[in-house]
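Please read the following report alongside the sequence and the coordinates. The account begins with a single helix and then widens to the cavities, a second helix and the confidence of the model.

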Amino acid sequence: MASRTPSPTADRAARTAPAPDRGAAGERPRRRLSVDERREQLIAVALELFSRRPPEEVSIDDIAAAAGASRPLVYHYFPGKQALYEASLRRAGRELSARFEEPMEGPLSDRLYRVMGRYLDFVQSHGPGFAALLRGGSVAASAGTSAVIDEVRRAAHDQILAHLAIPAPSPGLRLTVRAWIANAEITSLEWLAERSVPLEELQLHLVQEFVASLTLTAAREPALAAELASFFADERPDGPSGRLVQDLAGLFAVPGILDAVTALAGGARPAGSVDEASAQAPEGSGAAPTE
């Protein structure tokens with residue numbers, strides 16, 4: 001019968017043979033990613049890098065190292081950094097567009113306040129890449145990246161108009177919304193560079209700017225002015241609109257401002273005009289014309 005005692009050579013081989021690969025700390029072997037999973041992983045890693053550094057400062061080697069992949073593997077999925085940048089930007093654009101979605105319940109300025117909170121949180125966490133693109137200084141900017149930004153702007157525009165719930169928005173109102181979106185971009189990017197005010201203060205400021213712009217547009221459009229009454233009726237005294245009105249009331253309490261504004265509201269009557277009472281006075285009634 002053969003001996004069951006292992007030979008010294010076999011025993012030494014058993015002791016020195018490599019153990020099955022179980023990964024770090026004895027974990028199970030890492031599962032191979034599918035084609036779609038690997039592509040999505042590369043996009044997610046690239047977006048994280050582009051969020052922390054301007055795109056021109058991120059290389060394919062940086063992305064490969066962060067993804068635990070080789071440079072050739074990255075090129076297998078994307079022809080170059082520009083394609084990977086645009087893919088990551090499209091993902092970021094979808095996320096940003098989704099942040100404008102808000103249940104249509106409660107005061108409008110409260111809804112916009114929550115939306116702007118999510119928007120500014122996104123700007124803060126993805127700052128360098130978006131700042132480089134929106135400022136037009138990125139070497140990675142292209143027609144593809146510009147299209148992504150335009151899609152985000154259209155989504156924001158449509159969402160805000162939906163919250164206003166005006167059946168046929170006028171060109172003036174659409175222009176007001178677009179101008180406010182552009183202003184929010186510029187203001188938030190300036191904030192990223194300076195951080196001169198608390199984020200919550202900027203959030204409130206942007207919402208109140210929209211309310212002020214909406215009010216000014218309504219002053220020029222009677223149909224919108226009729227909608228404005230219900231808008232203010234739904235607002236809360238401690239909400240963004242209520243606080244704006246209170247700030248304006250405090251401003252008018254400053255000596256001289258209310259008198260000056262009242263004089264401006266009266267306006268200067270054109271030479272040769274008469275007031276409405278005189279114009280309607282019957283002939284021979286003795287009503288004296290207004291000078």
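Helix H2, which covers residues 35-52 of this predicted model, has 18 residues and reaches 26 Å from its first C-alpha to its last, close to the 26 Å expected at 1.5 Å a residue. Its buried residues are Arg38, Leu42, Ile43, Val45, Ala46, Leu47, Leu49, Phe50 and Ser51.

A comparable check can be made on helix H12, residues 240-252, where 13 residues should span 18 Å at 1.5 Å a residue; because the end C-alpha atoms lie 19 Å apart, the model agrees with that expectation. The buried residues of H12 are Pro240, Ser241, Gly242 and Leu244, and these pack against H6, helix H10 (199-220) and helix H11 (222-233).

The two helices are set side by side below.

| Helix | Residues | Number of residues | End-to-end C-alpha distance | Expected span |
|---|---|---|---|---|
| H2 | 35-52 | 18 residues | 26 Å | 26 Å |
| H12 | 240-252 | 13 residues | 19 Å | 18 Å |

Turning to internal space, a search of the whole structure finds 2 cavities of 30 Å³ or more, and the largest has a volume of about 210 Å³. The lining of this largest cavity consists of 18 residues, of which Leu96, Tyr119, Leu134, Val152 and Glu185 lie nearest its centre. By residue class, the lining divides into 15 nonpolar, 1 polar and 2 charged. Helix H6 (108-125), helix H7 (127-134), helix H8 (143-164) and helix H9 (171-194) each supply at least two of the lining residues, and H9 gives the most, with 6 residues.

For the protein as a whole, the model contains 14 helices and 0 strands. Buried residues make up 34% of the 291 residues, and among contacts with a separation of 6 or more, 62% are accounted for by residues 24 or more positions apart.

How far can the coordinates be trusted? The protein averages a pLDDT of 81, and 77% of the residues score at least 70; confidence is lowest in helix H1 (residues 8-16), at a mean of 42, and highest in H10, at 97. Over residues 1-29 the pLDDT is below 50, and this stretch has 4 contacts in the model beyond near neighbours in sequence. Residues 268-291 likewise have a pLDDT below 50, with 9 contacts beyond near neighbours in sequence. Where pLDDT is low, the predicted coordinates should not be read in detail.

Key: Residues numbered from 1 in each chain as written. Predicted model: local features only at pLDDT ≥ 70, side-chain atom pairs only at ≥ 80, totals over all residues. Heavy atoms only, no water. Helix = DSSP H or I, 4+ residues; strand = E, 2+ residues; numbered from the N terminus. Expected span 1.5 Å × (residues − 1). Buried < 20%, exposed > 50% of the residue type's maximum accessible area, 1.4 Å probe, protein only. 1 Å grid on protein atoms, 1.4 Å probe; cavity = no way out; pocket = protein on both sides within 12 Å on 5 of 7 lines; lining within 4 Å. Points joined across faces, edges and corners; volume = space filled by probe spheres on them. Nonpolar A, V, L, I, M, F, W, Y, C, P; charged D, E, K, R; others polar. Contact = heavy atoms within 4.5 Å. pLDDT = per-residue confidence, 0-100.
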